[in-house]
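Open your viewer and get ready to click along. Each stop below gives you something to select and then tells you what is there.

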Amino acid sequence: MKRRTAIKLSLISLASSYAMAYDKSKIVNTIKMKKKDPEKPEKGELKHTPDITVGEVDAKGYISVEVNVGQEGIIHPSTEDHWIYKIELYANGEKVAQVDLEPSISRGYLATKVKKNGLNELRAISCCNLHGDWENVLKV
Ligand SMILES: [Fe+2]
């Protein structure tokens, strides 16, 4: 094995072990969830739905994007047994960012910059270990 390949594999292994620092057996629901009535979301649905906000475009043409898990002031909890373990962000259907989160010490939040030129749609998916995967879409 070449030295460069060995270093790459070591880094991948390190990143993987970090991503799974929590007890993976606590992830008991990976079902894609939907609101029963999108016009009248329930409190539990609002708590899991990612809120996508965009900011200013910078000098290089990238727009600020923030994803907070929870809407209308209802923030999803982060405890040892119940937390958002991952958030994915897609731009025009392509994955552009992902954050892996630890229970208790961090909570459902992602921030990044996305190229504004040609951007039509942002989609975020928040993954709760107990209550499944929740999606939201923002037309830009
Ligand atoms: Fe939850």
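Start by selecting Glu88, and ask yourself: is Glu88 buried or exposed? Glu88 has a relative accessible area of 11%, and because buried means under 20%, Glu88 counts as buried. Keep in mind that you are looking at a predicted model. Now add Lys86 to your selection: Lys86 and Glu88 form a salt bridge, with 3.3 Å between the closest N and O atoms. Side chains of opposite charge can pair when their charged atoms come close.

**Step back to the whole chain**

Switch to a cartoon view and trace the chain. You should find two helices and seven strands, and along the sequence they follow the pattern α-α-β-β-β-β-β-β-β. The chain has 140 residues, of which 33% count as buried. If you turn on a surface, about 8800 Å² is exposed, and carbon and sulfur atoms supply 52% of that area. Contacts also reach across the sequence: among those between residues at least 6 apart, 59% join residues at least 24 apart.

**More salt bridges**

How many salt bridges does the count come to? The count is seven, and here are some further ones to visit.

Select Lys32 and Glu135. These residues form a salt bridge whose closest N and O atoms are 3.9 Å apart. The pair links distant parts of the chain, with their positions 103 residues apart in sequence: Lys32 sits in the loop between helix 1 (3-19) and helix 2 (43-48), while Glu135 belongs to strand 7 (residues 132-139). Lys32 is exposed at 60% relative accessibility, whereas Glu135 is partly exposed at 32%. Next, add Arg123 to the selection: Lys32, Arg123 and Glu135 are linked in a network of salt bridges.

Now go to Lys36 and Glu42, whose side chains meet in a salt bridge of 3.7 Å, N to O. Lys36 has a relative accessible area of 68% and is exposed; Glu42, at 40%, is partly exposed.

**Look into the largest pocket**

Rolling a probe the size of a water molecule over the atoms shows where empty space is left. To find the largest pocket, select the residues that line it: Lys32, Met33, Lys34, Lys35, Thr49, Trp134, Glu135, Asn136 and Val137. You have already met Lys32 and Glu135 as salt-bridge partners. About 170 Å³ of space lies in this pocket. Try colouring the lining by residue type, and you should see three nonpolar, two polar and four charged residues.

**Around Asn68**

Select Asn68, which lies in strand 2 (residues 62-69). Asn68 is partly exposed, at 24% relative accessibility. Which residues does Asn68 contact, leaving aside its neighbours within four places in sequence? They are Thr49, Pro50, Asp51, Arg107, Gly108 and Tyr109. Then draw a distance from Asn68 to Ile52: the two are 16 residues apart in sequence and 6.7 Å apart in space, C-alpha to C-alpha.

**Two loops to finish**

Go to Asn92, in the loop between strand 3 (84-91) and strand 4 (94-100). Asn92 has a positive phi of about 50° although it is not a glycine. Its relative accessible area is 39%, so Asn92 is partly exposed.

For your last stop, select Ser104, found in the loop between strand 4 and strand 5 (109-115). Ser104 is also a residue other than glycine with a positive phi, here near 70°. At 42% relative accessibility, Ser104 counts as partly exposed.

Note on methods: Residues numbered from 1 in each chain as written. Predicted model: local features only at pLDDT ≥ 70, side-chain atom pairs only at ≥ 80, totals over all residues. Heavy atoms only, no water. 1 Å grid on protein atoms, 1.4 Å probe; cavity = no way out; pocket = protein on both sides within 12 Å on 5 of 7 lines; lining within 4 Å. Points joined across faces, edges and corners; volume = space filled by probe spheres on them. Nonpolar A, V, L, I, M, F, W, Y, C, P; charged D, E, K, R; others polar. Salt bridge = Lys/Arg side-chain N within 4 Å of Asp/Glu carboxyl O. Helix = DSSP H or I, 4+ residues; strand = E, 2+ residues; numbered from the N terminus. Buried < 20%, exposed > 50% of the residue type's maximum accessible area, 1.4 Å probe, protein only. Contact = heavy atoms within 4.5 Å. Areas by Shrake-Rupley, 256 points an atom, 1.4 Å probe, with all protein chains shown as cover.
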